[in-house]
Amino acid sequence: MIRSMTGYGTAQVALPDGRVLRAEIRTVNHRHLTVSASLPRGWEGMRPGVMERVRGVLRRGSVSLSVTCESPGRSDPGRPVLDLERARGYVELLRRAGAELGVEDRLDLAALAALPGVLGSEVPPGEGDQGEAPHEEGLMACVEAALAGVAGMREAEGGRLEEELRRAVGRVEAGTEAIEALAPERLVRERDRLRERVETLAGDVGTDEERLAREIAYLAEKWDIAEEVARLRSHVALFVETLDAAGGSGTGTAGKRLGFVVQEMHREANTVGAKANDASISAAAVAIKEELERLREQLENVE
């Protein structure tokens with residue numbers, strides 16, 4: 001089964017010391033694999049291992065990974081903290097300076113709170129905690145669990161995408177068969193029309209049958225779309241084979257190859273439309289190109 005590049009996964013792991021790791025992964029479509037990872041402060045040394053785990057599961061897409069470490073029971077993160085000793089020191093120094101310089105003492109709380117280090121905030125749990133070392137095994141387990149959620153969602157979405165791709169390529173195949181059936185009739189019709197025009201213009205003079213036959217053969221070769229139709233059918237078969245192969249492996253990156261096949265199908269459909277010289281064949285070629293455009297849009301999200 002093919003996989004989508006859109007996915008989301010989250011996981012939570014409790015560490016032996018009571019801390020809780022939470023991992024969240026979001027993925028969207030991208031031409032290649034790009035990974036951005038945010039780890040708790042002090043855990044950056046494990047980034048290479050985390051990136052390796054991500055690349056081992058995901059092959060394409062833009063991946064955003066965020067891991068946080070929390071300590072239950074700690075006071076709320078960001079709570080303001082007053083350094084009373086520092087504030088007392090500021091007050092004593094300022095009062096002494098005022099007495100020595102003869103400056104009136106008008107110190108108020110607003111001015112005191114603005115002095116460096118008087119007011120601060122608690123360090124968020126898991127960030128810069130002294131004595132709380134990173135836990136590699138727990139981190140990797142948390143990341144792998146979140147990756148499993150992402151992979152499951154991408155596979156489910158990929159299954160729906162595959163169904164639509166198979167329906168669309170089936171419509172392309174039906175259009176190709178219609179063109180293949182119309183092509184011989186068009187050649188006969190164009191041959192008869194050319195012969196009738198030549199005879200009308202020649203009148204009583206008569207026509208050189210051998211020369212006329214050569215001209216008809218030349219035009220028939222120019223209008224012939226048998227090769228283009230054969231290549232189009234071959235590309236359709238290759239597209240289906242690639243879908244089947246992706247379903248067998250479950251790990252390949254079929255999106256790029258399928259996109260290339262659609263590009264080649266579009267090239268053949270363009271040539272058929274240019275050489276058609278027939279309203280029915282032209283309409284069928286346009287319908288095929290519209291279907292191929294829808295295929296191309298869907299493939300932008302296939303891994």
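Colleague: What makes strand E1 (residues 7–14) two-faced, with one face covered and one uncovered?

Modeller: The covered face holds Gly7, Gly9, Ala11 and Val13, while Tyr8, Thr10, Gln12 and Ala14 make up the uncovered one. In a regular strand, side chains alternate between the two faces of the sheet. A strand here is a DSSP run of E, at least two residues, and a helix is a run of H or I, at least four, numbered from the N terminus. This is a predicted model, in which local features need pLDDT of at least 70, side-chain atom pairs count only at pLDDT 80 or more, and totals for chains, interfaces and linings use all residues. Residues are numbered from 1 along each chain as its sequence is written, and side-chain values use heavy atoms, with hydrogens and water left out.

Colleague: How do you know that E1 and strand E2 (residues 20–28) pair?

Modeller: Pairing takes at least two DSSP bridges between two strands. E1 and E2 have eight bridges, in the antiparallel sense, so they count as paired. One of the bridges joins Val13 to Leu21 in E2.

Colleague: Why is Thr242 called buried?

Modeller: Buried means under 20% relative accessible area, exposed over 50%, and partly exposed in between (1.4 Å probe, protein chains only). Thr242 has 5% relative accessibility, so it counts as buried. Thr242 lies in helix H6.

Colleague: Which residues is Thr242 in contact with, leaving aside neighbours within four places in sequence?

Modeller: Contact means heavy atoms within 4.5 Å. On that basis, Thr242 is in contact with Ala254, Arg257 and Leu258.
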